[in-house]
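New to this one? Take a slow look at the picture first, and then we'll walk through it together.

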Amino acid sequence: MQIVLLGPPGAGKGTQATKICEKYAIPHISTGDMLRQQVASGSPLGNKVKSIMDSGELVTDDVIMQVVEARLSQPDCKNGFLLDGIPRTVAQAESLGTLLLKMGAPKLKVLQINVPDTVLLERIQGRQGQSSRSDDTAEVASKRLKVYWEQTAPVASYYEQRGNLVVLDGVGAVDEVFHRITTALSA
Ligand code: ADP
């Protein structure tokens, strides 16, 4: 199973990704987590992307595609994977398409989790207390949402035009949303 999880920040992608990966025994590839690990390790890449991430902007397509290509070439991705946090731009969707073709991967299942902006901001603000993420402040959260609508929302249309987008309602209990997801994946 090769899955792409799309949705705005706060939509619950991380939570649902963990459950999906457990059920289907596939690796969870989160670009945000991979970048945060780079930042934490103080690697040259981490130092380069830290200020970009803290501002709520996107790191460059080149950088992220290198990170993802390296990850997808690991043996645990042979039988499938879940991508969370990528593609975030139409250019990344195109590069990913080329990469997957090269890997001989069949058609992706693309799931979009929809949640209204008002609910998203409440959720992100709610997790501020618990989150150790330096980009979970109210100000940066609304910036991330703006970047999402400008640069990432078009990715959904990109997959819709190719006939492999499933849109799901992300409002409700975690298990309720998960049930919608597994139903869509088994269809
Ligand atoms: P969120 O929880 O807001 O969806 P992530 O944890 O996925 O955020 O990503 C955090 C930050 O990492 C983003 O705001 C961005 O700066 C950077 N990032 C993650 N994935 C990508 C990507 N595919 N392209 C560009 N930047 C990315």
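## The run of the chain

Follow the protein chain along its sequence and you get the pattern β-α-β-α-α-α-β-α-β-α-α-β-α. That comes to eight helices and five strands. Keep in mind as you read that this is a predicted model.

How compact is the protein chain for its length? Its radius of gyration is 16 Å, close to the 16 Å that the globule rule gives for 187 residues, so the chain is as compact as a globular protein of that length. Measure by eye along the principal axes, and the C-alpha trace spans about 40 × 40 × 30 Å.

## The sheet

Now for the strands. All that pairing gives one open sheet of five strands, in the order E2-E3-E1-E4-E5, and the pairing is parallel. At the edges sit strand E2 (28-30) and strand E5 (165-169), each of which pairs on one side only. On average, neighbouring strands of this sheet are turned by 20° against each other, if you ignore direction. As a bit of background, strands of a sheet pair through backbone hydrogen bonds, either parallel or antiparallel.

Want a spot to zoom in on? Try strand E4 (residues 109-114), which runs parallel to E5 and is joined to it by five bridges. Which residue in E5 is the bridge partner of Leu111? That's Val166.

## Inside, outside and contacts

Of the 187 residues in the protein chain, 44% are buried. The accessible surface of the chain comes to about 9400 Å², and carbon and sulfur atoms account for 53% of that.

Contacts also reach across the sequence. Take those in the protein chain between residues at least 6 apart in sequence: 74% of them join residues at least 24 apart.

## Two cysteines, no disulfide

How many disulfides does a search of the whole structure find? The count is zero. Cys21 is in no disulfide, and the nearest cysteine sulfur, that of Cys77, is 10 Å away. To count as a disulfide, the two sulfur atoms would have to lie within 2.5 Å. Look from the other side and Cys77 is in no disulfide either, with the sulfur of Cys21 as its nearest cysteine sulfur, 10 Å away.

Are these two cysteines buried or exposed? Cys21 has a relative accessible area of 8%, so it is buried, as that label applies under 20%. Cys77 counts as buried too, because its relative accessibility is 3%.

Terms used: Residues numbered from 1 in each chain as written. Predicted model: local features only at pLDDT ≥ 70, side-chain atom pairs only at ≥ 80, totals over all residues. Heavy atoms only, no water. Pairing = 2+ DSSP bridges. Helix = DSSP H or I, 4+ residues; strand = E, 2+ residues; numbered from the N terminus. Axes fitted to C-alpha atoms, helices over the stretch in contact; angles between N-to-C directions. Buried < 20%, exposed > 50% of the residue type's maximum accessible area, 1.4 Å probe, protein only. Rg over C-alpha atoms; globule rule 2.2 N^0.38 Å. Contact = heavy atoms within 4.5 Å. Areas by Shrake-Rupley, 256 points an atom, 1.4 Å probe, with all protein chains shown as cover.
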